[in-house]
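Subject: Handing over a structure

Hello,

Here is the structure I promised to pass on. Please open it first, then read the notes below it.

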Amino acid sequence: MISVRPYHAADCHPTFAVFFDAVRNGTAAYYTAEERAAWASTDVPPAGWHARLADHITYVATVGSGIAGFMTMGRDGHIDLAYVAPAHTRSGVGDALYAALLTKARALGLALLDTEASHLAKRFFLRHGWQIEARQSVIRHGVAITNFRMFKPL
């Protein structure tokens, strides 16, 4: 069973492990090994990881006793991070996290959500009625990585 709850400080390392696994393994069909290594260059949370999640509206999905995914949203409606562990893709984890953020966005009276989605996340957001604004490249450790600016009016 999937449970969704707010982020806690104790989730710092487990959420980073989900991020690392999702990038290094879950996006392999869409990004080269070089791109994935630049995107997630270490399996240790960087300084500021906890603050980044704690400063946003962050929800964590658990399956059993483990974290299966997480999503963050700023109070401006920008979805910054959206990651599901590869072992839990297509299991409803992403949908449950997104539903929680959507409920919170509506409660805040937000009129628009936006994100910068990977090739993999783009498919998820399109399925939820999002639109692509532009394809772009971001530079991580000197490597260009393609993503998509996307938005959804509420």
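Let me start with R52, which is partly exposed because its relative accessibility is 36%. Keep in mind throughout that this is a predicted model.

Salt bridges

How many salt bridges does the structure hold? There are 4. Three of them are described here.

R52 is part of one. Its side chain meets that of D80, at 2.9 Å from N to O. This pair ties together distant parts of the chain: R52 sits in helix α3 (residues 49-54), D80 in strand β4 (residues 78-84), and 28 residues separate them. D80 is partly exposed too, as its relative accessible area is 24%.

D95 and R127 make another, with their closest N and O atoms 3.3 Å apart. Here again distant parts of the chain are linked. D95 belongs to helix α4 (residues 93-107) and R127 to helix α5 (residues 119-127), 32 residues apart. Are the two partners buried or exposed? D95 is at 30% relative accessibility, so it counts as partly exposed. R127 reaches 54%, so it counts as exposed.

R5 and D11 form a salt bridge as well, and their closest N and O atoms lie 2.7 Å apart. R5 is partly exposed, at 26% relative accessibility. D11 has a relative accessible area of 5%, so it is buried. The cut-off for buried is under 20%.

The strands

Next, look at strand β3 (residues 66-73). Of its 8 residues, 7 are buried, so the strand is mostly covered.

β3 pairs with strand β2 (residues 57-63) in the antiparallel sense, over 7 bridges. One bridge partnership to find is that of I57 with M73 in β3. The hairpin of β2 and β3 has 2 residues between the strands. In that hairpin, G64 takes a positive phi near 65°.

β3 also pairs with β4. These two run antiparallel and are joined by 4 bridges. G69 has V84 in β4 as a bridge partner. M73 has I79 in β4. How many residues lie between β3 and β4 in their hairpin? The number is 4. G77, in the turn, has a positive phi of about 90°.

β4 then runs parallel to β5, with 2 bridges joining them. In that pairing, I79 stands opposite T115 in β5.

The nonpolar cores

M73 and I79 come up again here. The largest nonpolar core has 24 residues. Which of them touch the most other members? They are M73, I79, Y98, L101, L113, F125 and W130. Several elements feed this core: β2, β3, β4, α4, β5 (112-117), α5 and β7 (143-153) each supply at least two residues. The largest share comes from α4, with 7 residues.

L113 is a good place to zoom in. Neighbours within four places in sequence aside, L113 is in contact with M73, G77, L102, A105, W130, M150, F151, K152 and L154. So you can pick up M73 and the turn residue G77 again from this side.

There is a second core, apart from the largest one. This other core has 22 residues, among them V18, W39, L81 and A85.

The largest pocket

W39 leads on to the pocket. About 1200 Å³ of space lies in the largest pocket. Its lining is made up of 50 residues. Which of these lie nearest its centre? W39, A82, Y83, S118 and A121 do. β4 gives the most to the lining, with 7 residues.

Where to look again

β4 is worth a second pass. D80 in β4 takes part in a salt bridge with R52. β4 pairs antiparallel with β3 and parallel with β5. β4 supplies at least two residues of the largest core. And β4 gives the most to the lining of the largest pocket.

Over to you.

Best wishes

Note on methods: Residues numbered from 1 in each chain as written. Predicted model: local features only at pLDDT ≥ 70, side-chain atom pairs only at ≥ 80, totals over all residues. Heavy atoms only, no water. Buried < 20%, exposed > 50% of the residue type's maximum accessible area, 1.4 Å probe, protein only. Pairing = 2+ DSSP bridges. Core = buried A, V, L, I, M, F, W, Y, C linked by side-chain atoms within 4.5 Å. Contact = heavy atoms within 4.5 Å. 1 Å grid on protein atoms, 1.4 Å probe; cavity = no way out; pocket = protein on both sides within 12 Å on 5 of 7 lines; lining within 4 Å. Points joined across faces, edges and corners; volume = space filled by probe spheres on them.
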